[in-house]
Amino acid sequence: MEFVKKHSFKIAVLALCAAMGIYLFITYGMPEKQTLPIEMAAPAFELSDLDGNEVTLASTNGKARIVYFYFANCPDVCPPTTFLLSQVQDQLEAEGKLGTKAELISITFDPVRDTPEVIHDFAERHFADFNGWRFLRGDEAKTMQLAKDFGVGVIKNEDGSFMHTNAITIVDKDGQIRKWIDGSKEELTADQIVAELNKIL
């Protein structure tokens, strides 16, 4: 009783805080998990992997995907962005999600120069794990149109090189585009990309 008398004010404050917490929980419930809005349906595609197997948008459904358009001879943004995606890959693997809940898809719009051998070398130089990262190629004109349908601007120069926007696209397991990330932002990190992806996992 002496303890209760001595600390009665503190006990009253704690009880009031507990009551307020219960009231707020009942009124507002648990905070909802943050997610990403649906932007549009991802365009359908039919492309080939490095072994010549057909890969479609539908065949990759069931996992969240990071889609990136590139070309191996790119002199500027593609190599550092692909390296950044390799860090995303490593983080997803550490979280136990790579190849099971999420995967990466890189699509070249320069299939004439980007043969399977060239792409394989490019992928290995950027530490790609082929168990959770697909490298795809197809007809040049169709792939350029696919990139544009994905919201990626592409122009072929007279010298055979390409100018393109450096967009990283997040696609959910149902084939809906949920976010475009500017891969050229200097402050962009793998942690930020994974954090966005985790909002739809």
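**Exercise 1. The largest pocket**

Task: In this predicted model, determine which residues line the largest pocket and how the lining divides by class.

Solution.
1. The lining of the largest pocket consists of Asp49, Leu50, Asp51, His120, Phe130, Trp133, Arg134 and Phe135.
2. The volume of this pocket is about 170 Å³.
3. Sorted by class, the lining holds four nonpolar, one polar and three charged residues.
4. Strand 6 (residues 133-136) supplies the largest share of the lining, three residues.

**Exercise 2. Phe135**

Task: Establish whether Phe135 is buried or exposed, and which residues Phe135 touches beyond four places in sequence.

Solution.
1. Phe135 belongs to strand 6 and is one of the residues lining the largest pocket.
2. Residues under 20% relative accessible area are classed as buried; Phe135 has a relative accessibility of 3% and therefore counts as buried.
3. Beyond four places in sequence, Phe135 touches Ser48, Asp49, Leu50, Tyr70, Ser106, Ile119, Phe122, Ala123, Ala128 and Phe130.
4. Between Phe135 and Ile107, the C-alpha to C-alpha distance is 5.9 Å, although 28 residues separate them in sequence.

**Exercise 3. Thr108**

Task: Describe where Thr108 lies and what the side chain of Thr108 reaches.

Solution.
1. Thr108 is part of strand 5 (residues 102-108).
2. Thr108 counts as buried because its relative accessibility is 0%.
3. The Thr108 side chain reaches the backbone nitrogen of Asp110 at 2.9 Å.
4. With neighbours within four places in sequence set aside, the contacts of Thr108 are Tyr70, Phe71, Asp114, Ile119, Leu136, Arg137 and Thr143.

**Exercise 4. The two sides of helix 6**

Task: Explain why the buried residues of helix 6 are on the same side, and identify the strands against which they pack.

Solution.
1. In helix 6 (residues 140-149), the buried residues are Glu140, Thr143, Met144, Leu146 and Ala147.
2. These residues lie on the same side of helix 6 because they cover an arc of only 155° around the axis.
3. An α-helix has 3.6 residues a turn, so residues three or four places apart point the same way.
4. Ala141 and Lys142, on the other side of helix 6, are exposed.
5. The buried residues pack against strand 2 (46-48), strand 4 (64-70), strand 5, strand 7 (154-156) and strand 8 (162-164).
6. At the start of helix 6, a side-chain oxygen of Asp139 comes to within 3.2 Å of the backbone nitrogen of Ala141.
7. Gly151, with a positive phi near 95°, follows helix 6.

Terms used. Residues numbered from 1 in each chain as written. Predicted model: local features only at pLDDT ≥ 70, side-chain atom pairs only at ≥ 80, totals over all residues. Heavy atoms only, no water. Helix = DSSP H or I, 4+ residues; strand = E, 2+ residues; numbered from the N terminus. Buried < 20%, exposed > 50% of the residue type's maximum accessible area, 1.4 Å probe, protein only. Polar contact = N/O pair within 3.5 Å; in protein donor to acceptor, adjacent residues only side chain to side chain. Contact = heavy atoms within 4.5 Å. Arc of directions from axis to C-beta. 1 Å grid on protein atoms, 1.4 Å probe; cavity = no way out; pocket = protein on both sides within 12 Å on 5 of 7 lines; lining within 4 Å. Points joined across faces, edges and corners; volume = space filled by probe spheres on them. Nonpolar A, V, L, I, M, F, W, Y, C, P; charged D, E, K, R; others polar.
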